[in-house]
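Please take a moment to look over the sequence and the three-dimensional structure, and then follow the paragraphs below from one region to the next.

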2 protein chains.
Amino acid sequence: MAHRQAQQRRPSIHDVASRAGVSAATVSKVMAGVTTVKPENAQRVLDAVELLGYRIDPLASDMRRAKRRIIGAIMPEFESEFFGQMITQLESLAEQRGYTLVAASSRESEAREKEILSRMHDWRVAGVVLAPVRNEHGPAAAFMKANGMTGVLIDRVLSDDAFDTVSADSASASAEVARELIGKGHRHILVVGLGEQAATMRARLEGFRATARALVPDVRIDVVLAETDVEPLRAQLRDYFAKGERPTAVYSLFLKGTLVALSEFRRRGWHCPNDISLVGFDDAEWMQVTWPAIAAVVQPVRQIAGHAMEALFARIGGGEGPPIARLEPCKVLMRESVGSASLSQPKPT
Amino acid sequence: MAHRQAQQRRPSIHDVASRAGVSAATVSKVMAGVTTVKPENAQRVLDAVELLGYRIDPLASDMRRAKRRIIGAIMPEFESEFFGQMITQLESLAEQRGYTLVAASSRESEAREKEILSRMHDWRVAGVVLAPVRNEHGPAAAFMKANGMTGVLIDRVLSDDAFDTVSADSASASAEVARELIGKGHRHILVVGLGEQAATMRARLEGFRATARALVPDVRIDVVLAETDVEPLRAQLRDYFAKGERPTAVYSLFLKGTLVALSEFRRRGWHCPNDISLVGFDDAEWMQVTWPAIAAVVQPVRQIAGHAMEALFARIGGGEGPPIARLEPCKVLMRESVGSASLSQPKPT
DNA sequence: CAACCACGAAAAATCGATTTACTCACATCG
DNA sequence: CGATGTGAGTAAATCGATTTTTCGTGGTTG
């Protein structure tokens, strides 16, 4: 093993070359695994590499290529399990192909999203995995198009005319939720969501509504949608219940909505599933340990990440053809927070 | 605004130079804000920059410096709120200083930790924020020392003889938890934790034990520690209760432990705080919306991130002196999961 | 008026790789 | 026997910046 002391300049390809008594070009070839090198010389190079503890400087190595071996990933946030797992997966997949993943959080802001994208463009990343704040029609995707960047859109998207997209099959999952709730006798259901993410939320809402109505035409489905933020949703939800509305089940179209719903239930002293049932889109580890355990739609993070990277590298490798929109199937975990409608006893509000 | 079409090669500093009728060196100076440039020429450069939409290539720019303007961050995982927030903060702080943050997950493996570190060394990062899997004495920190890297250690560390450290003041927080539990009459308390992270866990445990014993000398404190993983802990906990042990409160020294405790309570049909009380180290958003809300020690993520970056950049800037070990104060949020000991009625197990 | 200095800018070296173009030696072929 | 080909390797160009060195021009000064 190389005995190397601290502080010292790292050896460059030239150091290796002179140690091995060959040119830098030869060293480069050996490192790249080119076969047109005399075995004896190759061995000398390998020995020198070992002796000096030489490792290629990826920065310098990337300089000469048009596309650097860097993948950018932009997520709306890092604080939820979903995006945390996503980043973990993406990192691992990028690494497997010898790429470095640079992750950035847009912190739910489209302005920041574009800024980050500019910076990634400066880095000449080979590709970008973008989970847009809003949807596929935002300024970030436009920027990518305008600058000829290669990328994949994930999560809050349905399909795009320029980029491959990968997301959870929201509509089907919602349909299954609808079947479950209707099956348990629920005839008055509240759906909460965020208007901003138009397409995805609409898919989830419509998937639910269509299926529920197909099963029971006169089912009552109320909708509380906040535009951009979660706090307004909390207020709207409070107003909704304050009016005396008393659905027997709530279906939240996104994680924060589930939290808001739960906290509103708390405020009113309602318990699941006796007072009201609850299902949320997006699973989290805590949901199976609380009392009651919270029913949830589980998004297939690994599949989304895997197919996103697959699509991305196909494009990086020069793959042509029209963009592909993938939908990955979700799993619906019905837990104790959902009960039969008859349980829900109207209570004085 | 620059009207630039896709596909086209990005302009280099030479393109700007020839457009402005000056040399590349002059353009470089203007971009760097050097004042020894004739105002007229500076303006011509700025115009050319604007016209061509020129932006510095950070990769090429970093080539000539020994330390690149990149900060590496290595976290044990990205899936928890704590590390998610940490990365978000670190990213934002690095960005503020014109650095790019490259984050990587060691996935709770010391081997991977070292691998990532090697890769970051290849990138010649200016500094590293390392949240070690185990503690400050692992192979990763040793690698950093051996290679003269600059870095800061955070979270699962107490102090180090080579690097600055920043972590939550586990001992004080635990002492406060002890005061609270003792104050509520608890005299038989179970503490659960992970043995692997020796120093941190011990600080939390001892901080708790010392204070509790100081208040009530004959308080009974049981300890269930798993070595490396969470699943064994689940089994150990099950065994512990199966033996008929019936503490009135549980203090979990880390987040996953809290989840495991809750799920074990569920299995046995125990409710907080009537059957048993629960406090956990590490807060999470869901803890305030479940019923009961779970009491928790809140780690000051922003302070930890802030001081870590401060220390790191001080060292990058050449700051000398012995390493500093910082402890950031935590907040203890007593929620409904903690009740007075008299509530806990022994139940048949 | 010659020597000197200051200023601004250009030319050239540099960072650490990769890649192209070229050289040399030796073998093969018409 | 001269021409062509091929294997192995090297020098030099290149990527896109920064930094050091050099140069020319004017203005000051002894």
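In this predicted model, the surface near DNA strand C is made up, by class, of 12 nonpolar, seven polar and four charged residues. Which of the 23 residues around DNA strand C come nearest? They are A:Ser12, A:Ile13 and A:Ser28 from one chain, together with B:Ser23 and B:Lys38 from the other. Turning from single residues to elements, helix 2 (24-32) and helix 4 (58-63) of chain A, along with helix 2 (24-32) of chain B, each contribute at least two residues to the surface near DNA strand C, and the largest share of that surface, five residues, is given by helix 2 of chain A.

The two protein chains also touch each other, and the contact between them draws 40 residues from chain A and 40 residues from chain B. On the side of chain B that touches chain A, two or more residues come from each of helix 4 (58-63), helix 5 (81-96), strand 2 (100-105) and helix 11 (255-268) of chain B, with helix 5 of chain B providing the largest share, six residues. Sorted by class, that side of chain B holds 18 nonpolar, 11 polar and 11 charged residues.

Further along chain B, six strands form an open sheet with mixed pairing, and their order is 7-6-8-9-10-12. Strand 7 (220-226) and strand 12 (331-333) of chain B are at the edges, and because each has a single partner strand, one side of each is left without a neighbour in the sheet. On average, neighbouring strands of this sheet are turned by 15° against each other, when direction is ignored. Within the sheet, strand 6 (residues 188-194) and strand 8 (residues 249-252) of chain B run parallel and are joined by four bridges; B:Val192, for example, has B:Ser252 in strand 8 of chain B as its bridge partner.

Helices accompany this sheet as well. Helix 8 (residues 170-183) of chain B packs on the sheet, where it touches strand 6, strand 8, strand 9 (277-281), strand 10 (295-298) and strand 12 of chain B, and its direction makes about 30° with that of strand 12 of chain B. Helix 9 (residues 198-215) of chain B, in turn, lies across strand 6, strand 7, strand 8 and strand 9 of chain B, and runs at about 170° to strand 6 of chain B.

In chain A, it is worth following how helices pack on one another. Helix 8 (residues 170-183) and helix 9 (residues 198-215) of chain A pack at an angle of about 35°, their axes being 7 Å apart, and their crossing is right-handed. Among the residues that make this contact are A:Ala171, A:Ala175 and A:Ala178 of helix 8 of chain A, and A:Ala203, A:Gly207 and A:Phe208 of helix 9 of chain A; by class, the contact has nine nonpolar, six polar and three charged residues.

A second pair is formed by helix 10 (residues 230-242) and helix 11 (residues 255-268) of chain A, which pack at an angle of about 40° with their axes 10 Å apart. Helix 10 and helix 11 of chain A are therefore oblique to each other, and the crossing of these two helices is right-handed. Residues of helix 10 of chain A, including A:Leu233, A:Leu237 and A:Phe241, meet residues of helix 11 of chain A, including A:Val260, A:Ala261 and A:Glu264. The residues of this contact divide into six nonpolar, one polar and five charged.

Note on methods
Residues are numbered from 1 along each chain as its sequence is written. Chains are lettered from A and ligands numbered from 1 in the order in which they are written. This is a predicted model: local features need pLDDT of at least 70, side-chain atom pairs count only at pLDDT 80 or more; totals for chains, interfaces and linings use all residues. A residue is near a molecule or strand if its C-beta atom, placed from the backbone, lies within 6 Å of it. Ala, Val, Leu, Ile, Met, Phe, Trp, Tyr, Cys and Pro count as nonpolar, Asp, Glu, Lys and Arg as charged, and the others, Gly among them, as polar. Two strands pair if DSSP finds at least two bridges between them. Axes are lines fitted to C-alpha atoms, for helices over the stretch in contact, and angles run from 0 to 180 degrees between N-to-C directions. Two residues are in contact if their C-beta atoms, placed from the backbone, lie within 7 Å. Angles under 35 degrees count as roughly parallel, over 145 as roughly antiparallel, 65 to 115 as roughly perpendicular and the rest as oblique. A crossing is left-handed if the near helix is turned anticlockwise from the far one by less than a right angle, and right-handed if clockwise.
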